[in-house]
Amino acid sequence: MTYAHSFHIPVMGIGFTIDSPLKVSQFGIDSVISLVDDILLEKLRKMYCKKHNLPYDEITEKIEDFRAKRITSYLNTIQNLAQEKFETFKNTTTETVSDIKEYFNSLPDSSAFKQEFYQLSKNHITIEEIKNWVKERMPMGSIDVNIMTKVDKDNYVKKEKLSSEYNDAHAALRGYANSNLHSSVILSAGMNPRLYSYLEQFDDFYPDTNGYIKKKIVLKVSDYRSALIQGKFLAKKGIWVSEYRIESGLNCGGHAFATDGFLMGPILQQFKDNKQELIDTVYELYIGALEQKERVIPKNIMPLKIAAQGGVGTNEEHKFLLNEYAVDSVGWGSAFLLVPEATTVDSETLNKLATAKEDDLYLSNISPLGIPFHSLKGNTKDEEKAARILDGKPGSPCPKKFVALNKDFNVKGLCTASRQYQNQKLKELDKQDLSPSEYDYHYNKITEKSCTCVGLGTSALLAYNLDTKIEGEGVSICPGPNMAYFSKITPLSEMIEHIYGKTNIISRKDRPNMFIKELYIYLEYYKEQIAENKMSPTEKRRKQLLTFGNNLNNGILYYQKLFNEQNTMEDSTCNTIFTQLEECEFILNELTKDIEIMVS
């Protein structure tokens with residue numbers, strides 16, 4: 001398959017990339033739609049149908065399997081509109097020789113498509129032949145989707161619990177499977193065996209004799225071991241993982257899945273070193289499962305892509321990932337929140353992002369999923385939450401219930417950010433004989449949860465002036481720490497030029513290398529984990545923390561060796577990195593001493 005670009009735009013929040021393919025796929029850029037909120041998808045489908053004079057029949061909650069049908073309809077609408085824009089772009093791009101040259105100048109030099117074009121240009125062929133060749137070969141960006149595997153709430157009709165295929169993630173998968181897309185579904189947030197097994201039900205996830213799969217599986221992972229376990233599990237069911245998308249555990253946007261101290265560089269190295277072993281191990285299981293199912297066996301071994309994302313911010317880092325670790329694509333996330341031609345962010349939030357500094361961005365505990373979550377201080381959803389607490393009515397009305405997964409008080413599940421759940425927890429808290437400081441600590445732990453499943457989608461409604469009566473106007477935003485170094489609203493063309501080193505949109509000179517930034521974040525996280533353990537120390541936890549520290553130390557040693565052997569980086573860059581590594585080593589040693597003297 002021909003690829004135009006060496007970067008992709010990952011999923012961001014719920015609404016920030018909800019229509020990104022319609023904005024960027026004509027340029028050959030892959031992007032990802034979140035399938036969490038079918039209510040939001042339906043609102044946008046209605047908007048786009050009206051805008052483009054397309055027929056629209058509302059899919060209400062009274063219709064059987066409405067969630068899956070909404071998702072299918074939205075994806076088909078986006079695909080049709082994106083395909084039209086792509087055809088128009090192809091025609092206009094190939095009108096003149098200068099237009100064609102301008103298009104190829106926007107692509108990276110590493111692009112095989114670009115190299116083929118320049119090779120062809122050297123031959124004695126007519127302009128018309130070149131135009132036809134470009135039209136036939138020009139790739140459209142993939143319209144991919146993301147499913148958070150653990151956001152798989154049970155659903156009911158009145159008091160009757162529906163079968164698992166009507167759970168939220170299952171219905172989202174079915175909605176995608178029934179769409180006309182030829183693309184990928186990114187499965188994130190860990191392994192869901194029941195959902196993974198459900199993939200077997202759909203023909204589009206299986207290969208033809210040439211190894212072509214209409215709908216490919218991409219796993220977002222934070223370490224090699226997890227990738228191998230999940231890849232083998234799926235292979236035994238006849239499902240091939242076409243790509244492992246490696247994301248930094250902490251230097252990323254949205255939910256942060258911290259590793260046990262394993263840093264991104266060593267993890268990427270492990271994937272690079274073991275890629276062939278991974279393919280061979282999984283492929284053997286895969287072929288055996290296809291034979292058992294009497295499915296088509298591909299003629300050749302299946303291809304496998306490795307991608308990386310999390311904290312990338314410069315062309316130097318982009319090229320380093322491509323060359324040093326042989327990744328196929330690099331994900332650029334948070335920076336694209338400042339590119340209205342690529343993402344959908346309301347103007348107020350856009351301006352807050354543009355002025356955000358390091359202290360404005362923090363790793364919070366506001367997610368109802370109980371997973372650390374990157375957030376922006378002063379976001380309007382948190383202001384809405386604080387106003388409710390001051391008013392003596394903590395908790396959200398919970399209008400959408402996508403993360404109503406806690407069953408402590410209700411068999412159907414409640415969201416830990418909901419008013420109903422927090423009221424129950426606060427009643428329990430009132431019955432405990434706690435000191436004022438202990439009470440405040442636990443009160444804050446209960447009420448800090450924010451209604452992110454609504455807040456992460458509201459920005460799209462505000463951006464398009466759509467009704468927010470049910471949702472309210474509070475916006476949650478989830479940029480990664482890298483956001484601090486991007487400080488202006490940027491045209492798409494300029495962002496692409498920045499990625500490929502043709503310009504530089506970062507004005508600050510103090511931005512650390514992406515690997516060093518992640519290391520600093522892990523040290524801060526480590527410090528917090530040690531402090532938490534001091535409150536109720538156990539020997540088991542102490543040993544876990546020592547292992548965590550040892551893994552961080554191994555990562556520092558790896559980076560010292562890696563950057564010492566570099567001949568592609570400027571000396572000043574390497575010197576800065578070595579100084580920062582020495583500082584990190586000192587901090588780590590001090591933290592480790594603190595653990596070693598802990599008494600169980």
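Let me start with one residue, Y224, which counts as buried because its relative accessibility is 8%, where buried means under 20% relative accessible area, exposed means over 50% and partly exposed lies in between, using a 1.4 Å probe and protein chains only. Before going on, I should say that this is a predicted model, in which local features need pLDDT of at least 70 and side-chain atom pairs count only at pLDDT 80 or more, while totals for chains, interfaces and linings use all residues. Residues are numbered from 1 along each chain as its sequence is written, and side-chain values use heavy atoms, with hydrogens and water left out.

Let me turn to the rings. The structure holds 32 aromatic pairs, a pair being two rings of Phe, Tyr or Trp (for Trp, the six-membered ring) whose centres lie within 6.5 Å, called stacked if the planes are under 30 degrees apart, edge-to-face if over 60, and tilted for the rest. Y224 belongs to one of them, together with F271, and this pair is edge-to-face, with 5.2 Å from centre to centre and 80 degrees between the planes. The two rings link distant parts of the chain, since Y224 is in helix α9 (residues 224-235) and F271 is in helix α10 (residues 264-292), 47 residues apart; helices here are DSSP runs of H or I with at least four residues, numbered from the N terminus. F271 also counts as buried, at 1% relative accessibility.

A second edge-to-face pair is formed by F320 and F515, at 6.3 Å centre to centre and with 70 degrees between the planes. Because F320 lies in helix α11 (residues 315-324) and F515 in helix α18 (residues 514-535), this pair ties together parts that are 195 residues apart in sequence. How buried are these two rings? F320 is buried with a relative accessible area of 8%, and F515 counts as buried at 1%.

Elsewhere, ring pairs link F27, F89, Y103, F104, F113, F117, Y118 and W133 into a cluster.

Some rings also have a charge over them, which requires NZ of Lys or CZ of Arg within 6 Å of the ring centre and within 35 degrees of the ring normal. K215 lies over the face of Y176, at 5.6 Å from the ring centre, and K377 lies over the face of Y362, at 6.0 Å from the ring centre.

Now to the charged pairs. How many salt bridges does a search of the whole structure find? The search finds 34, where a salt bridge is a side-chain nitrogen of Lys or Arg within 4 Å of a carboxyl oxygen of Asp or Glu. In one of these, D38 is bridged to R67, with the closest N and O atoms 2.7 Å apart. D38 lies in helix α2 (residues 38-51) and R67 in helix α3 (residues 66-93), so the pair ties together parts that are 29 residues apart in sequence. D38 is buried, with a relative accessible area of 3%, and R67 is buried as well, at 8%.

D382 and K385 also meet through their side chains in a salt bridge, at 3.7 Å from N to O. Both residues lie in helix α13 (residues 380-390), 3 residues apart, which is about one turn of the helix. D382 is buried at 13%, and K385 is buried at 15%.

Finally, E494 forms a salt bridge with K488, the closest N and O atoms being 2.9 Å apart, and K488 is partly exposed, with a relative accessible area of 36%. Salt bridges that share partners also join D38, R67, R70, K153 and D168 into one network.

Technical notes
Helices (H or I, at least four residues) and strands (E, at least two) are DSSP runs, numbered from the N terminus.
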